[in-house]
Structure formats: structure tokens, C-alpha cells
Amino acid sequence: MSDTNQTRITHFKNLSTLVAWDAELGSHVYIANADLVMRGNTVIHAGTGYTGSADSVVDGSGLMAMPGLVNVHTHPSSEPGNRGLLEELGSDKLGQSSLYEYMPVFRMGIETAQYANQVAVSEMLLSGVTTFVDMSLPRPGWADVVAGTGIRGVLGPMFRSAAWRTTDGHSVEYTWDEAAATKSFEAALDVVDSAINHPSGRLSAMLCPSQVDTCSPELLKEAQAAARRLGIPMQIHAAQSVVEFSEMTRRHGRTPIEWLDDQGLLDPDLIIGHGIFLNDHRTLYWPHADDFGLLQRSGAHVAHCPTVFVRRGIALSFLGRYLRAGINVGLGTDTFPHNMLDEMRLACYVARLQAGHFRAASTEEVFNAATVNGARMLGREDIGRITVGGKADFSLVDLSHPYMRPGREPLRSLIYSAGDRAIKDVYVDGAQVVQNGKLLTIDIERCMQEVERAQAQTIATVSQRDYAGRSIDAMSPRVFPSRA
């Protein structure tokens, strides 16, 4: 941002509703007929009665300003290419997951990653996300691609000691290669450096050892030491599948959460990707552990991504239980579409269904999970909330949209009825990236064409990678048969 833009004052005047942060209450609050003022990329006024000068004034009548959402778990470099393939697929002999039999077979080449990444970010921006954690494999130019979209990105390069595969559809094999893991970890550190030092000022980083069952203790401890040295968080997939739970208990006689604790990894700097299959999950029988208590006492965080699991009949048990025990839970999209408002709505509904009562997750809890809880995972108090001195990351919601009316409770109307249809404008770091529901920073048509081309190439050769040599129509049948 130029020096001129850094000092430019923009006044959003007479907003019908401002969702602002009240430090005394430790809560978001509604403020009616409010003013939101930013100087460059920083909020300098959030409330009523602004009387100062401004370089530009935006009429806020009929609009709600809300804090930018924080998406703590995504795989944007690959997931857009799975649309139309994975919505109804799981392995009935591998815990209903699609991780082992299908996802490796459908994955597009690394050359398409930059386009898939932009497609995913477009979906995030249009649903009000201003900060996201990008968990992808290291690749050249990654930082520049993310920065070019205008979003605030946390690059999370992934690395691991072992690759998994199934050769029969009912068992999983692990191939270990520590030399390759070392090279991958070194590449991850290069990515971290490129993000932290990126000239955009909007990028940061975390280290992401891929999965608890694919990383050696030595690799994990080296990653933890590096994360502490760099002052960044670490995130790992753990307690995400029945296969993983069974593998870890077979190897070590310990649950995935117990094993992480044994290694000294379960602490306030660790984010658990998913954290579903604790020892007391209804699909497991391992009664002598206390995974929930370990999470609660450790201060570790959980990245909750309901959509990808609900597709396969799997769910966290349950969101309100975790939050009310003091476990910090943030929200992520993980899969396509990268629509955080959809994810928020589903998080509420699934928790209530799992618990069997309507108070199992409140709108307040889910909105906090998508804002301040996610920011806390990243060690930040200047995002996920609208507050003086905070970053100018926010969305303007059209309160006149039919799905937002009647307008007594705007956040409920947004989450349960309107969704991203009512998101009008989005600002990140003081710069507008969405205007009247249209992206300003991404050539979405070009990116979609590249993803479509790559998906067509992938599915044309899927039988070469599938253990059973199946065609795409055998693996992922169409909803209805085609007729000439």
C-alpha cells in the first residue's frame, strides 16, 4: 500500500448496523446508526458520532458492517478440482472416509494449483472471509499468487514422513521416506520465509506436518522447534478418521491425542485439524483414555470443518461441548465450496442434531468460532473483530436483500437464510476486494477454465492410478445415466 493510501481516511457513515468489538464485555456487539472509519489499513473509529474529517465518505444506510471471517483450515490448491466427484464418495471398508481410496486418485497436478487456489479464495472472499489458512504442498510462486488475490493469507506448507495408499479398498499401507521428509520440511521453511517477508504485508505462516499417522516423532519435534523459533503456530490433522485411530492404537497402544501428548506436542501452539475421533466418539470403543480432558487441559485448538465429514455421515460430538469446556474451536472449509457462511450454518445444525437438543451450538458461539476464535489460533487480536487499532478487514452486508428481511436479527438472517447472497462489499487491509458482489482481484473465468481442463485430464486417466483399474464412471457414477 502506498504512503498516500496509508494515510487516506474513509468514513462509512450511518451504517444501519455495526458488529463491533466491546473489549469490556469481551464480545461482539450491535451498534445502530454507526460510523466505521479507517485510515489506510487501520480502523480509527467504530461506533457512533464520528465528527472528524475524511477523504471519502460511503453511505452506510441499509448496510451492516461485520468483521472479516477467519478460515483456519483449507486445502485450496486441490479441492476445487474435486467438485462433481467426491460429494457422495467414501470407502465403506475404510471408515467411510474418502482419504485413502479416492482423493489420491482424483488429485490434479501441481501445475493447476495456482488456478485452483484462486477459485477457492474467490469463494472465501464472496462469503466474507478476509483471512485464511492455506494448507498446501510447497510450490514456486505460492506467496505471490495468494497475495495477488488481496486476501490475508497464512501459508501452511505441508510435509510428512510417509505416504499412504490402499491396494485392496479395505486396508491402508504406509511407505516411509525420512530423506524425502527432510527435503519437504526444508521446502516448507522456505515457504514460511517467503510469507513472513512478503512485501504485501498480508501474509504470515504456520507449519503443517500433514497427519499424525504419517509423521515420525523426529519430524514433528523438529517442526515444533522451528515453529517456536519463528513464533508461528503449527497445525496437524489428527483424530480425523477411524483408520487413523486404529493405526495409531495398533502402533503405539495410544490414541492419536494421547500420542501427541506423549511427544510433548499437545500445547497452546498446536491446532488439531478436525479432532473428531476422540476415544469417547460413539463409533469407537476405547474407554480407558481421556482425549477430551487432554485437549481441555493442554490449551490446544481445534479446527472444525463440518461439511467434508457430514457428507460421509461423520460428525464432531459436539461443537458446544468443546467450546463450553474451554477448548478453543475455529472454523474451516477444508473442502469445496469454500463458503464460510454455509459452514457456520451447518456447524450449528450438526451440533444440535448430534447432541439431540437445540442449545448444543448457538449463533453467538459459531460466529465467534469464525472470527475471534480463529484469530486467537493465529495469535492475533487485530483481526476477526472490528475495533479501534485493528485491521480494516470487514464485509458490508445488504440488509435490503429479501432473505435478510424482516431485519430484527441480522446475523441470524445472514447465517440461516441469506448466506453469501447478501454480502455486498468486502475489504481486506483497507482495500476493497469485492464490490457489489463481484470480485475485483481474481479473473475467475480464466481460473475456472484451467481447473476444468485439469479435472478432465485427471478423470480421463483415473484408471491408471486406481488400485482396481476402475473408470471414472465406475468410481464416481453420475446422478442419472446419460441418454442420447
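This is a working chat about the pockets, salt bridges and strands of a predicted model.

Trainee: What should I know before I start on this model?
Mentor: It is predicted, so local features need pLDDT of at least 70, side-chain atom pairs count only at pLDDT 80 or more, and totals for chains, interfaces and linings use all residues. Residues are numbered from 1 along each chain as its sequence is written, and side-chain values use heavy atoms, with hydrogens and water left out.

Trainee: Pockets, then. How much space lies in the largest pocket?
Mentor: About 830 Å³. A pocket here is an open set of points on a 1 Å grid over the protein atoms alone, where a 1.4 Å probe fits, with protein on both sides within 12 Å along at least five of seven lines. Points are joined across faces, edges and corners, and the volume is the space filled by probe spheres set on them.

Trainee: Which residues are closest to the centre of the largest pocket?
Mentor: His 75, Ser 78, Met 103, Arg 107 and Met 158, out of 39 that line it. Lining means having an atom within 4 Å of a point.

Trainee: Which elements supply at least two residues of that lining?
Mentor: α2 (103-106), β7 (129-136), β8 (152-159) and α10 (306-310) each do. Helices (H or I, at least four residues) and strands (E, at least two) are DSSP runs, numbered from the N terminus.

Trainee: How do the residues of the lining divide?
Mentor: 16 nonpolar, 16 polar and seven charged. Ala, Val, Leu, Ile, Met, Phe, Trp, Tyr, Cys and Pro count as nonpolar, Asp, Glu, Lys and Arg as charged, and the others, Gly among them, as polar.

Trainee: And the second largest pocket: how much space?
Mentor: About 380 Å³. Of its 18 lining residues, Tyr 30, Thr 363, Glu 364, Glu 409 and Leu 411 are the closest to the centre. β2 (27-39), α13 (363-377) and α14 (410-418) each give at least two residues to the lining.

Trainee: New topic. How many salt bridges does the structure hold?
Mentor: 19, each a side-chain nitrogen of Lys or Arg within 4 Å of a carboxyl oxygen of Asp or Glu. One of them joins Arg 152 to Asp 393, with the closest N and O atoms 2.8 Å apart.

Trainee: What does that pair tie together?
Mentor: Arg 152 lies in strand β8 and Asp 393 in the loop between α13 and β17 (394-398), so the pair links parts that are 241 residues apart in sequence.

Trainee: Are Arg 152 and Asp 393 buried or exposed?
Mentor: Both are buried. That means under 20% relative accessible area, with a 1.4 Å probe and protein chains only.

Trainee: Which residue pairs with Asp 466?
Mentor: Arg 470, with the closest N and O atoms 2.8 Å apart. Asp 466 counts as buried, at 5% relative accessibility. Salt bridges with shared partners join Glu 101, Asp 466 and Arg 470 into one network.

Trainee: Strands now. What is the order in the open sheet of four?
Mentor: β13-β14-β15-β16, with parallel pairing. Strands pair if DSSP finds at least two bridges between them. β13 (234-238) and β16 (329-331) are the edge strands, each pairing on one side only.

Trainee: How many bridges join β13 to β14?
Mentor: Five. Among the partners, Gln 235 is matched with Ile 271 in β14.

Trainee: Last one. Which residues form the covered face of β9?
Mentor: Ala 162 and Trp 164, while Ala 163 and Arg 165 form the uncovered one. Four bridges join β9 to β10 (residues 173-176), and the two run antiparallel.

Notes
Buried means under 20% relative accessible area, exposed over 50%, partly exposed in between (1.4 Å probe, protein chains only).
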